[in-house]
Structures are given as C-alpha cells and as structure tokens.
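Me: Please give me a close look at a single part of this protein and of what surrounds that part. Deal with the disulfides before anything else.

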Amino acid sequence: IGADILFEKPFYMDLTNKVMTLGKTPDTSAAHEISCYSRGGHCGVNIEVEGQKIPMIVDSGASKSYLSSLKFKGKTTFKGYIPVATVRGVSLTRVETCQIKSLRIGGVPLTGVEFNRDQEHNLLGDDFLRAHPIAVDMPSRRLWLFESQAVAIFGTTVCYLLGVLIRALSRWRTKQGRSLSSHLWEDLKAADRKSTRLNSSH
C-alpha cells in the first residue's frame, strides 16, 4: 500500500496483532503524540540519540531499525553477518549493534528498539512497529505511539494474579489464626491496592 492511499486519510497499524485500519484511528487519549512529516513518500519522525536529533523513516518493510554511520559515531558491538530484508530486497549485511545510552522520541524514552549501524539508512523498522502500534494522520502531521497490547495484557494478568495471591493469604491468615509480620502484611495490602488500580485501568 503506497503513500497515495496511506497518507490521504488516517490509518492505524499493529503488527503484533496483525491489525491495520484505514481511514480512521482508535482512541488516542492514552497514546503519546509526536509530530511527523512526509519524506519521499515515507512517514518521517525525529528521534534523539544521545541528545542529537536524527530524522528517521518509519519503514514497515525493514526487518530491523538502523542508524547510519554518518549520524551515529559511537561504539558498536559486532554481531556477525545475517540476511536483512528492506524495501529493496534481501542482502547479506554485517551486523553492528549501536551502543546507545539515551534514546528518546517526542520527549519520552524510546523502548523496544535496537539499532544496527548502516552505511546510509536511518530507519525505524519492524522491531519498532512491533513494540509500538502506531496511528498516523499525515494531513495533520501527527503520529501516535500506543502501548503494545501484549505488554498491557501481561501487566493486567500480573496484577490480577497478585490480587488473587493477596486475598488467598488473607483468608489463610484468618482461618489459621496466625499473623504475618506487621510490616510484611502492610506491604502486601499496599501491593493489592496498587494491583487493583492497575487492573481497572485496562
């Protein structure tokens, strides 16, 4: 699907759950909004690497994310050679992972992305899109980053199980007539209250 279709109206993409919606976006109130722009028929955004602003292209056809040697001159870790798919095809590429201490997008930390160094490309690829479902409204030059549904479901499950554990301990404490350490019991009750709030938010 080309820019002539994608950029005419808003769209939503969630690679993890294999969902794509054309013509509308879901509720963006809980998403993080950043500015975007059209660059050669691609969606472009700016990120900050070690405090330096770097223009990037969001490329769903790239299997990994890349920073060019021109933009990133820091240390890398050699990982070997692997076949890499981009919009231009598949090639055997030397893999050097960028050692980045500070990575931000739209003023917030960018997570779930590992950059390989490339000779010329600055791309946010498949790993970025799997970590963050996105919605794009190119006419208004806005992009939204959503929390991965897999992360949200995992967090909700953990909170639910924690609540079950606390309630089971409470029943055991009452039935057995035994007492836990007062400090431990207060910590457990506080954790239960927090888990209930987090669970209700999803």
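Reply: A disulfide is counted here when two cysteine sulfur atoms lie within 2.5 Å of each other. The model is a predicted one, and by that cut-off it holds 0 disulfides. Cys36 is in no disulfide; its nearest cysteine sulfur belongs to Cys43 and is 4.4 Å away. Cys36 counts as buried because its relative accessibility is 4%, and the limit for that label is under 20%. Cys98, at 7% relative accessibility, is therefore also classed as buried.

The part I have picked is strand S1, residues 11–14. How many bridges join S1 to S2? There are 4 bridges between S1 and S2 (residues 19–22), and the two strands run antiparallel. In this pairing Phe11 faces Leu22 of S2, while Tyr12 is set opposite Thr21 of S2. S1 and S2 make up a hairpin with 4 residues between the strands. Lys18, in the turn, has a positive phi of about 55°.

S1 also pairs with S14, again in the antiparallel sense, over 3 bridges. Here Met13 has Ile134 as its bridge partner, and Tyr12 stands opposite Ala135. Tyr12 thus has an opposite residue in S2, namely Thr21, and another in S14, namely Ala135.

These pairings belong to an open sheet of 5 strands, in the order S2-S1-S14-S15-S3, with antiparallel pairing. S2 and S3 (32–35) are the edge strands, each paired on one side only. On average, neighbouring strands in the sheet are turned by 15° against each other, with direction ignored. In general, the strands of a sheet pair through backbone hydrogen bonds.

What lies on the two faces of S1? Phe11 and Met13 point to one side, Tyr12 and Asp14 to the other; all of these are buried, and both faces are covered. Nonpolar side chains in soluble globular proteins tend to be buried together.

The largest nonpolar core has 29 residues, and those with the most contacts inside it include Val45, Phe115, Leu124, Ile134 and Leu143. S1 is one of the elements that give two or more residues to this core; others among them are S5 (42–49), helix H2 (126–131), S14 (134–137) and S15 (142–145). S5 gives the most, with 4 residues. Apart from this core lies another, of 5 residues, including Tyr12, Ala31, Ala135 and Phe146. Tyr12 and Ala135 both belong to that second core, and they also stand opposite each other across S1 and S14.

Back in the largest core, Val45 is in contact with residues that include Cys36, Tyr37, Ile54, Met56, Leu124 and Leu143, neighbours within four places in sequence being left aside. Cys36, discussed above for its lack of a disulfide, is therefore a buried residue that Val45 touches.

As for confidence, the chain averages a pLDDT of 81, and 72% of the residues score at least 70. Over residues 150–158 the pLDDT is below 50, and this stretch has 4 contacts beyond near neighbours in sequence. Where pLDDT is low, predicted coordinates should not be read in detail.

Notes: Residues numbered from 1 in each chain as written. Predicted model: local features only at pLDDT ≥ 70, side-chain atom pairs only at ≥ 80, totals over all residues. Heavy atoms only, no water. Pairing = 2+ DSSP bridges. Core = buried A, V, L, I, M, F, W, Y, C linked by side-chain atoms within 4.5 Å. Buried < 20%, exposed > 50% of the residue type's maximum accessible area, 1.4 Å probe, protein only. Contact = heavy atoms within 4.5 Å. Axes fitted to C-alpha atoms, helices over the stretch in contact; angles between N-to-C directions. pLDDT = per-residue confidence, 0-100.
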